[in-house]
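Got the viewer open? Let's take a short walk through this one, a stop at a time.

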Amino acid sequence: MSQGPGLDIFRRGLLDGQAVAIAPAGTFADAAAAACGALGATVDRHDGEPPDDAAAADFAAGVIARRGALHTLVVDAASAFAAESEGAGGLRGAADPAWAAARAAAVAGMIETESGGKIVLIAPRPGAGAHAGAARAALENLARTLSIEWSRYAIRTTAILPGDATRPEEVGAVVAFLASPAGDYYSGCVMDLGGPPL
């Protein structure tokens with residue numbers, strides 16, 4: 001039986017015992033949840049509005065209370081960007097929830113427990129709006145900066161930059177890869193799925 005599009009390259013049960021938290025709701029979030037769940041992870045979703053500081057803290061605490069750990073946080077900043085795409089609002093709409101969710105997960109589930117973990121930030125497509133390029137740069141910078149600042153806590157941060165033609169399933173497969181043991185080798189990295197320029 002197939003594990004789904006793009007997942008047949010992974011060993012079955014690869015993410016057994018892993019707690020993956022995904023916020024907010026969105027197409028890439030759906031694909032990440034499906035990919036990680038198909039490989040055995042326990043997936044918790046924050047399907048409301050992009051989280052502010054309080055909502056992010058409540059979400060992280062809830063995941064830890066239910067699962068006993070939070071191994072990987074996935075932030076679908078692309079959907080947060082889309083929700084606030086008018087004017088420059090999309091830039092803050094993508095960056096602010098990403099920072100709030102990352103900080104909450106790190107403090108509650110990775111630093112205090114001394115367990116480390118992974119944070120994956122999914123950026124908007126380049127053609128998603130006038131400020132998509134700035135949002136992508138902000139998320140890349142956040143991933144690179146946190147990879148240095150939080151390296152002493154064994155927290156690995158990465159950013160995924162989808163191309164305009166990237167399918168959600170492709171993003172989901174990369175998220176699953178980063179959540180797996182192979183992802184332990186990546187921090188401060190950008191996974192650019194846009195391909196070579198035309």
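In which strand is the place of Lys118? Select residues 117-122 and you have it: that is strand β4, and Lys118 sits there. Bear in mind as you click around that this is a predicted model.

Now show the side chain of Lys118. Is Lys118 buried or exposed? Its relative accessible area is 8%, and under 20% counts as buried, so Lys118 is buried. Follow that side chain to its polar partners: it reaches the backbone oxygen of Leu178 at 3.1 Å, and the backbone oxygen of Ser180 lies 2.6 Å from one of its polar atoms. Beyond its sequence neighbours within four places, Lys118 is in contact with several residues, including His71, Met110, Arg156 and Asp184. Want a distance to check? Draw a line from the C-alpha of Lys118 to that of Glu140: 15 Å in space, for 22 residues in sequence.

Next, select Asp76, in strand β3 (residues 72-76). Asp76 is buried yet has no salt bridge. Its nearest side chain of opposite charge is Arg45, 6.9 Å away. What the Asp76 side chain does reach is the backbone nitrogen of Phe28, at 3.4 Å. Light up its contacts outside the four-place window too; among them are Ala23, Gly26, Phe28 and Ile122.

Last stop: the cavities. There are two of 30 Å³ or more, and the largest holds about 50 Å³ of space. To find that one, select its lining, which includes Ala23, His46, Phe59, Leu73 and Ala104. Then colour α2 (53-67) and α4 (89-111), the elements that each give two or more residues to this lining.

Notes: Residues numbered from 1 in each chain as written. Predicted model: local features only at pLDDT ≥ 70, side-chain atom pairs only at ≥ 80, totals over all residues. Heavy atoms only, no water. Helix = DSSP H or I, 4+ residues; strand = E, 2+ residues; numbered from the N terminus. Buried < 20%, exposed > 50% of the residue type's maximum accessible area, 1.4 Å probe, protein only. Lys, Arg positive; Asp, Glu negative; His and termini not counted. Salt bridge = Lys/Arg side-chain N within 4 Å of Asp/Glu carboxyl O. Polar contact = N/O pair within 3.5 Å; in protein donor to acceptor, adjacent residues only side chain to side chain. Contact = heavy atoms within 4.5 Å. 1 Å grid on protein atoms, 1.4 Å probe; cavity = no way out; pocket = protein on both sides within 12 Å on 5 of 7 lines; lining within 4 Å. Points joined across faces, edges and corners; volume = space filled by probe spheres on them.
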